[in-house]
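Let's go through the empty space inside this model, one question at a time.

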Amino acid sequence: MTDVALIGAGIMSATLGAILRRLEPDASITIVERLDAAAGESSDPWNNAGTGHAGLCELFYTPERPDGSIDITKAVRVNEQFQVTRQFWAHAVESGLVDHPRSFLHPIPHVSFVQGAGAVDYLRRRHRALAGNPLFAGTELITDFGDFAARLPAMSAGRDPEVPVGLDWAPHGTDVDFGALTQQLIGYCVRGGAAVRFGHEVRSLERESDGRWRVGLVNLRTGETRRILAKFVFIGAGGASLGLLQRSGIPEVRGIGGFPIGGVFLRCGAAELTSAHRAKVYGLPAQGAPSTTAPHLDARQVKGASWLLFGPFASWSPKFLKHGRATDLPRSVRLDNMSSTLGAGLRERQLVGYLLSQLRRTHATRIQALREFLPEAEDSDWQQIRAGQRVQVIRGGQLDFGTTIVHSADGSIAGLLGASPGASTAVPAMLDVLERCFTGRFGTWQSTLTQMVPSWGVRLSDEPELFTQVWEWGSRQLQLD
């Protein structure tokens, strides 16, 4: 018997477990993970780009409207969400939930990059549209080639200075090792009494007559089966969440399908390059490509070493997890979501064409794409790595590239589906889960929640003085000032 069962030992379950441990110190928590360690799927540092997504540099969050104006709605929303996450991380450091902030977080500029007169004009209008929002204060528009070369020497080398370039430079971005953070948050849960069952896979989810959930497990090493009873179940199992929610039988998941998209990155550890490029630089998505595939060249810090990562290039597999099964996609198609899934396939012909073109890419053509960012890139310096598998939500015949929380009407079970912006908004997503699923207790947690997230419930864009206070406090705790 456990009060809370967390399925999947990634950043979502780790965040929810840590928050619950602070809110309900006496609650019993059990974490179930099919792999032999935490953060082995999407939270692993090599299965994501490590960007602390705050809408600072991601151009796909600021689309151009038909009248030429820039829609900043999503960029502001993502930044507001990241501020909540950032405050919780600061609280976690201040309260000893996690180790030294440099074990998982590093300051790094976030930069938007465009080429050509038309794109530079778009970037200028984007910068102007965001300038009045306090969350985007301090960003700098750069169109002078000499300034560009001084800040990003590796990207300027070999580039024609006559071709217009533009940068929107945000000096206060972050690079995050979500794997290290996940492991530390789970460690905090374990120190508080949580049980962790690695190497165990959930095979069944059944509702008991008293409202509890009977979770059937199998030990993948020994084949031994066991059951645990839980008052509340959260499914934070990445791509596997859809199938587990379907097994639960809750009506709220009916009609929802999933479409898997993988990713491939190019990685470089050459010291002469990593020392010459210290930024996360995002470009514009290719014509017809999903917004989340916008190319970016990222400086990374992983386990004390400096790296560069470029991508993503799309790949495809029917697996819903990197360590999943080829039957994941066909088994997810049911009578209730078949028409929606097939409808999405018909409507997304452009996406299908994009995926096919990506699958035909060779190492040489990927290097050619890299040279849009690094004109003098050498094939031999870069190796291909396979990133994590993402499952995009299909609902109403449409692909949704965001994240979706599904929960039962009584709040006894919930799961998170989707991919973007994912880990960077883990804290507001998990607070949303708590608010939906613990309605009777959520009000009593307000004072503790505001200790963890001082701006909880406040839109910081409308409260610049409060934003300054929590930003400066967070920067001190996270050693980002």
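Q: What makes the lining of the largest cavity five nonpolar, six polar and one charged?
A: Ala, Val, Leu, Ile, Met, Phe, Trp, Tyr, Cys and Pro count as nonpolar, Asp, Glu, Lys and Arg as charged, and the others, Gly among them, as polar. The lining includes Ala54, Leu56, Phe82, Leu135 and Trp471, so these go down as nonpolar. Arg86 is also in the lining and therefore counts as charged. This is a predicted model, where local features need pLDDT of at least 70 and side-chain atom pairs 80 or more, while totals for chains, interfaces and linings use all residues. Numbering runs from 1 along each chain as its sequence is written, and side-chain values use heavy atoms, without hydrogens and water.

Q: Why is this space called a cavity?
A: On a 1 Å grid over the protein atoms alone, a 1.4 Å probe fits at a set of points but cannot get out; lining residues have an atom within 4 Å of a point. The structure holds two such cavities of 30 Å³ or more, and the largest has a volume of about 60 Å³.

Q: Which helix gives the largest share of that lining?
A: Helix α2 (residues 73–94), with four residues. Helices here are DSSP runs of H or I, at least four residues, numbered from the N terminus.

Q: What lines the second largest cavity?
A: Gln83, Arg86, Gln87, Val470, Trp471, Trp473 and Gly474. Both α2 and α16 (464–477) give two or more residues, with α16 giving the most, four. The split is three nonpolar, three polar and one charged, and the volume is about 30 Å³.

Technical notes. On a 1 Å grid over the protein atoms alone, a cavity is a set of points where a 1.4 Å probe fits but cannot get out, and a pocket is an open set with protein on both sides within 12 Å along at least five of seven lines; lining residues have an atom within 4 Å of a point. Grid points are joined across faces, edges and corners, and a volume is the space filled by probe spheres set on the points.
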